[in-house]
Amino acid sequence: MPGLKGSVDAFVGIDISKDKFDVYGIGRDEKKLFQFSAAMDRNGFEKLKEHLVVVSVSSVLIGMESTASYHVNLFSYLVSEGYQVVIINPLLISNYVKMQLRKTKTDKKDAVVIAQFLLANGNTLIQRVDSSLISDLRDLSRQREGLIDEMTALKINIKRLLNITFPELEHMTSVFTKSILKLVQKYPSAIALGNANLGQLSQMLIADSYGHKREAFAVKLIKAAHSSVGTKSSAKEIILKQNVTLLLHLEEALEEITGILIEMSRKQMEDDINILTSIKGIGDKSAVNFLIEMGGDVNHYEYSGKIIAMAGLDPAVYQSGQHEGKGRITKRGNRHLRRIIWMMTTKVIQYNDIFKAYYLKRRTEGLPYKMAVLATAHKLIRIAYAMLTRRTTFCPQMNS
């Protein structure tokens, strides 16, 4: 991640909303250079550029708060024009306002405060420029994450409904194989399945899953349906069929987006993916999501603790009188990165002897489950950071 270049003589704070942005520029002497509002469109962008001509491109630092998406187009425009632009965590602005001795009439998100923050902290800020490819990969990754969440919710509801219409099915087979889902889609209750044609039912069972036992399993299903305690409910059957249809559609979408994501990611960062997947328990999907959420380049971070802090997995510091200690994790930061680190950690605990041993050691030391997983996550990130910076694959000697 590049640092700020050259001597900065002007500091420009931009407060962004959906349809407009407010701009405030000051010099090193804190004197106002300009202040105006503009529409979030091409004319507004050009208006900003016209005001920026009072200083050279290399001597102005522009700052804006991170928003859900409103800042992206203006940020990209300014970067393409050669300006130094920093995206600032809103929490930093909030803390800056709280630390000021004199009260300010401006809101904590006001462009004036952002400009003052830049003046006070410009030499410690780092310019972050996410390539358009990394931005696209992040969109794909988060869309994939959203699909998984939707599928999880659907699966919970499908099991709930089946527990009413055909409770015995879950004890006979895995409900979420493709063949059983298609079966439930056609016969959403024990009563419906009990009236099914044996030959048609047998053909619905995928040969690879049930082999030559398809007909025998079909007979078993019909027998269970006849003796089922399931309740007939037309409404629940309709909802169940729709939920299964949605789940099958989402499974196709997930498969498509996962393939595209991995293919595009390997073109961009294949070496990094291979390094991470050398840790038993980390697969392609986890490695890709981790790299994308941390920005695609480990060199963005001075040390591993920066990644942990960015994910909000660092412990919060609390004070009581003269005592200072550490409590729960801050959960301030990238929740997507936090989620993927947690998932990676649970997998390496399950499949990697070194991380499993460390987790068990922390448990025997008295740490509860979540804290032991968190400690293991810190260890995993330290090792992954070392591997990525040293360009080496995993080996037991890295255990430290």
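**Reading a predicted model together**

Modeller: Welcome! In this predicted model, the protein chain exposes about 21600 Å², and carbon and sulfur atoms supply 51% of that area.

Biologist: Thanks! How many of the residues count as buried?

Modeller: Of the 400 residues in the protein chain, 43% count as buried.

Biologist: And which helices and strands should I look for, and how many are there?

Modeller: The protein chain has 16 helices and seven strands. As for its contacts with a separation of 6 or more, 60% link residues 24 or more positions apart.

Biologist: Now for helix packing. How are two packed helices described?

Modeller: The general idea is to give the angle between their axes and the distance between the axes. Here, take helix 6, residues 178–186, and helix 11, residues 234–276: they pack at an angle of about 145°, with their axes 8 Å apart. Their crossing is left-handed.

Biologist: Which residues meet where helix 6 and helix 11 pack?

Modeller: From helix 6 come K178, L181, K182, V184 and Q185. They meet L240, K241, V244, T245, L247, L248 and E251 in helix 11.

Biologist: Let's turn to the surface. Which residues make a nonpolar patch there?

Modeller: L33, V53 and V54 make one of about 280 Å². You can find V54 in the loop between helix 1 (42–51) and strand 4 (60–65).

Biologist: Is V54 buried or exposed?

Modeller: The general idea is a cut-off: a residue counts as exposed when its relative accessible area is over 50%. V54 has a relative accessible area of 54%, so it is exposed.

How values were computed
Residues numbered from 1 in each chain as written. Predicted model: local features only at pLDDT ≥ 70, side-chain atom pairs only at ≥ 80, totals over all residues. Heavy atoms only, no water. Patch = residues over 30% accessible without salt bridge, like charges linked within 9 Å, V, L, I, M, F, W, Y side chains within 5 Å. Areas by Shrake-Rupley, 256 points an atom, 1.4 Å probe, with all protein chains shown as cover. Salt bridge = Lys/Arg side-chain N within 4 Å of Asp/Glu carboxyl O. Helix = DSSP H or I, 4+ residues; strand = E, 2+ residues; numbered from the N terminus. Buried < 20%, exposed > 50% of the residue type's maximum accessible area, 1.4 Å probe, protein only. Axes fitted to C-alpha atoms, helices over the stretch in contact; angles between N-to-C directions. Left-handed = near helix turned anticlockwise from the far one by under 90°. Contact = heavy atoms within 4.5 Å.
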